[in-house]
Structure formats: C-alpha cells, structure tokens
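Student: Could you take me through one helix of this model in close detail, from where it ends to what covers it, and then set it against the protein as a whole?

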Amino acid sequence: MADIIKNKNYTVRITDYTDEGLGVGKDEESFLTLFVKDTAIGDKVEAKVLKAKKTYGYAKMISLMEASPDRKDPGCAVFDKCGGCQLRHISYEAQLTWKEKRVADVLERVGGLKAGEDFKMLPIIGMENPLRYRNKAQYPVGIKDRKAVTGFFAERSHRVIPTEDCLIEHAQNASILETIRRYLNERKVPVYDEETHDGLVRHVLIRTAFSSGDIMVCLVLNCDEGDEREFKILDGLADELKKNENIKSFVYNFNNKKTNVIMGRTEKTVFGDHFITEYIGDVGFHISPGSFFQVNPVQTKVLYEKACEYAGLTGKETVWDLYCGIGTISLFLSGKAGHVYGVEVYGQAVENAKENAKINNIDNATFICSKAEDIRIGKDLPAPDVILVDPPRKGCDAKLLETIAEASPRRLVYVSCNPATLARDVKVLTEAGFVLKEVQPVDMFPETTGVETVALLSGPQATPG
Ligand code: SAH
C-alpha cells in the first residue's frame with residue numbers, strides 16, 4: 001500500500017467524523033485514510049495533505065466537488081475560529097443520525113453486539129430546540145485596540161477573540177458581558193495579561209439555573225482576597241449588575257497564579273448567596289462558582305429519567321451510584337430506592353453531595369469519598385441490588401469491572417459520555433455473564449461531537465426477560 005504524500009491532492013468521500021469533528025474519508029485510489037477539517041459526511045472533496053503519517057494524513061479542503069445534503073449554514077460568525085461547536089455546519093437531524101450510528105457501530109465493532117439483534121437500540125433523544133442549552137459559560141477577558149473584550153481563546157493560543165454572543169449559551173449572557181465590558185472600559189480597570197501576569201480581571205463565569213432563571217456572575221481576579229485596594233475599582237459594578245433582576249449572586253474568585261486553570265481557591269460573595277439553586281425534577285441543587293454540574297439541564301432530566309427507569313426501583317433496593325459527582329443521580333433516584341450509596345473521588349464534590357442531600361431532606365443517601373475501584377463489597381458498602389456507573393471519558397477501571405461482576409447486581413445502569421469505552425466495558429461485562437438489554441443515546445451537547453448514552457445490562461443472576 002502506498003504512503004500518504006505531503007502536499008499532494010487527494011479525492012476523498014467523507015464518511016465519518018472524529019471526536020474533534022474532523023471529517024474522515026478514504027482516498028478513492030489508495031484507500032488511505034484522510035482527516036479533513038470543515039467537511040460533512042457525504043461531501044466529496046479535493047484535499048491537500050498538510051501532515052502525512054504512514055497510513056493516514058491530515059488534509060485541508062481545496063475544493064468541494066460534491067456537497068453533502070446535510071450541510072447547513074453554521075449561523076455563527078466565529079465558527080471556524082472557536083472550536084467549541086464542531087458540527088454547526090451540518091443539520092441537527094444529521095448530527096443526531098451520526099451520533100446514534102456511532103454508538104451502534106462501536107458496540108458492534110468493539111463490544112461484539114449487534115443493535116436490533118443482540119440488544120434493543122432506541123432512537124437517540126434530541127432536543128426540540130437545540131439552541132441556548134448550556135447553563136455555564138466561562139469567558140476570558142482580553143484587550144483589543146485598547147478596549148476590554150470578552151470572547152474565547154483562539155485555537156492553540158491565549159489570544160482572546162472578541163465575541164458578542166454564542167448561540168449555545170444563555171441569551172442573557174451577551175447583555176451581562178456588555179455591562180461588564182462597559183464598566184471595565186469606563187473605569188479603565190486593568191485587564192489581565194497572561195504574558196506579563198499583570199492586570200486584574202481574568203475571566204467572567206456566568207451560571208444560570210434554568211428552573212428559576214436565577215443567574216450567578218463570577219469574576220476571576222488576579223489578586224488575593226486580602227488585596228482590597230486592588231479590586232476596589234470594581235465596587236460600582238455590583239450596582240450595574242443588580243439592574244438585571246435575574247442576577248441573584250455576584251462572586252469574586254481569586255486566582256493570582258500563573259496557570260491555565262481558570263478558578264482560584266478563595267472566593268468572596270459581593271451580593272446575594274454564594275450559590276444559585278437548580279432543580280432537576282423535584283430535587284434542588286446548590287451550584288457554587290466551582291461546582292461540577294451537568295451543562296444541559298433540559299437533557300439531564302431526560303437522561304436521569306431513563307437511568308431511573310432502567311434501575312427498575314420499587315423502594316427497597318440498595319443502589320450504588322459510582323462516579324457520583326455532586327450526587328445528582330443518587331438524589332434523583334433516592335425517592336424510589338431503599339438506600340443509595342454515592343461514591344466519588346473528588347472530596348469537594350462529596351461535600352456538595354452531602355449538602356444537597358441535606359437541603360432536600362433526603363436521609364437515604366450516603367456519600368463516600370473513594371476511588372470507585374477501591375470499593376469492597378460488604379466492607380465499604382453493603383451488597384447492591386442495582387449498580388449505576390457514570391465514569392469519565394476513560395470508562396470504568398478494570399478492577400471496578402471485577403468488583404461489579406463479583407457484586408452481581410440484578411441490574412447495571414451504565415451512563416457513558418464516551419461510546420468507545422462503553423463498548424469496551426460492555427464487552428468485559430458480557431464475558432462476565434451480564435446481558436446488554438437496551439441502549440438509549442441522549443443528545444446532551446447539540447452542535448458538538450459529544451454523545452451521551454445510557455445502557456441497561458442485566459446481571460448474571462437475573463432471571464431472563
Ligand atoms: N454522575 C455525576 C458526575 C459524573 S462525571 C453527574 O451526573 O453529575 C464523573 C465523575 O467521576 C466526576 O465527578 C469525577 O470526579 C469522578 N471520578 C473520576 N475518577 C473517579 C474514580 N476513579 N472513582 C470515583 N470517582 C471518580
């Protein structure tokens with residue numbers, strides 16, 4: 001087989017996308033794989049190779065020979081520079097079709113199980129209105145033409161690209177940012193400069209509780225909590241923000257480190273509470289500036305309802321919720337379970353989970369700070385009837401899969417943000433006697449390549465059916 005040659009043009013039909021949203025296709029003659037930016041499944045393109053590896057290459061589209069019927073106008077002025085949304089140039093319907101197929105394909109290829117034959121594959125649940133779905137946004141603050149600007153960092157750089165609005169963020173963010181920029185410019189507030197580590201205002205964080213419309217604004221400042229003289233210049237901003245009645249919480253976060261990490265460790269509440277409250281179903285959650293919380297509350301409810309249905313609870317069960325974060329799923333399930341045990345490695349999230357249990361008067365949920373793979377059945381936790389896992393992208397640890405097999409729950413509910421590791425883990429679990437019953441993809445991240453899936457497996461001891 002010939003090698004890919006740099007600077008040579010190839011003719012490629014795009015058949016798939018990578019996680020980063022690059023189009024993937026094979027050269028018509030050599031069948032070597034090329035990754036081509038800004039293409040859509042169905043496109044036929046002429047592409048010039050910029051980077052050649054032995055059996056694949058990264059190429060740039062030179063001409064669009066045949067346009068995919070899935071293409072749409074991205075409708076965003078900074079689509080090509082931002083990288084936040086990778087699929088804005090294809091129709092929402094085509095995005096959903098691709099996501100569903102991606103889950104089914106990988107379960108077959110890696111998991112060895114065929115949708116429709118070995119398990120029931122439900123059609124992906126998309127959003128009725130896939131716009132303005134995010135409840136959290138972080139905007140770097142920079143300088144352009146001597147004016148404070150907000151936006152996002154250009155790809156592989158920390159230059160701020162000024163942006164007025166973002167269509168997946170909450171509609172009110174644009175006017176809040178405008179208020180902040182106007183204040184910074186009128187008062188000549190020094191804006192943070194990464195190179196020199198000078199200046200005060202680094203980032204603006206805006207979080208919204210969709211259930212109430214309550215908004216939290218947090219400014220990340222390059223100083224210490226004790227440096228009051230430095231941030232006194234911001235004193236008048238609170239009154240400006242209060243003009244927007246939905247802003248219920250205004251917080252300074254202090255981060256004077258030379259780091260890419262956005263948030264610092266200490267905070268000061270300027271007005272309102274240090275948190276806003278979001279409801280998923282009947283359960284309320286306090287969200288502070290640094291709290292982890294699912295970014296799409298509408299689809300989170302859809303996902304959790306499916307997880308709850310799959311858990312098949314009758315009020316008596318012992319449930320493990322592994323990788324529980326701030327306890328969102330645990331608390332959502334607790335009303336239907338005997339007792340839920342949440343396990344999470346990040347101590348702060350465990351504290352948030354305990355607090356969330358308290359504010360909802362839930363007393364049948366216990367939270368434990370531990371690695372999920374270190375849990376011992378009967379020692380750390382009582383034997384479970386149902387196990388739910390919601391691991392990060394890398395999937396479940398091999399040791400945890402052994403524990404799950406040993407625990408032999410009646411049902412295992414697997415919530416996954418990465419179909420590839422879901423399929424890998426399902427293979428291990430089916431070899432241990434679990435049976436994959438049903439798979440439900442849910443679109444939590446429209447316009448991006450993100451795919452969320454919830455899968456039901458029955459345990460080795462479960463009666464068939
Ligand atoms: N179920 C939660 C959060 C899922 S995100 C929700 O729906 O909101 C995955 C979580 O797993 C994160 O909170 C992360 O801190 C945690 N985590 C990562 N590795 C872990 C491990 N080895 N053991 C336990 N938790 C882990």
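Tutor: Just after α3, Lys188 takes a positive phi of about 50°, in what is a predicted model. The helix that precedes this residue, α3, covers residues 173–186, and at 1.5 Å a residue its 14 residues should span 20 Å, which agrees with the 20 Å that separates its end C-alpha atoms. Buried positions in α3 begin with Asn173 and Ala174, go on through Ile176, Leu177, Thr179, Ile180 and Arg181, and end with Tyr183 and Leu184; the list thus holds a charged residue, Arg181, counted here as positive. The cover over these buried residues includes the strands β7 (136–144), β8 (147–153), β10 (201–208), β11 (215–221) and β12 (247–254), together with the helix α5 (237–242).

Turning to the whole protein, its secondary structure comes to ten helices and 22 strands. Its radius of gyration is 24 Å, close to the 23 Å that the globule rule gives for 465 residues, so the protein is as compact as a globular protein of that length, while its C-alpha trace spans about 70 × 65 × 35 Å along the principal axes. Buried residues account for 52% of the 465, and among contacts between residues at least 6 apart in sequence, 63% join residues at least 24 apart. The accessible surface comes to about 21700 Å², with 49% of it belonging to carbon and sulfur atoms, and the mean positions of the 61 positive and 68 negative charges lie 3 Å apart.

Note on methods: Residues numbered from 1 in each chain as written. Predicted model: local features only at pLDDT ≥ 70, side-chain atom pairs only at ≥ 80, totals over all residues. Heavy atoms only, no water. Helix = DSSP H or I, 4+ residues; strand = E, 2+ residues; numbered from the N terminus. Rg over C-alpha atoms; globule rule 2.2 N^0.38 Å. Buried < 20%, exposed > 50% of the residue type's maximum accessible area, 1.4 Å probe, protein only. Contact = heavy atoms within 4.5 Å. Areas by Shrake-Rupley, 256 points an atom, 1.4 Å probe, with all protein chains shown as cover. Charge placed at Lys NZ, Arg CZ, Asp CG, Glu CD. Expected span 1.5 Å × (residues − 1).
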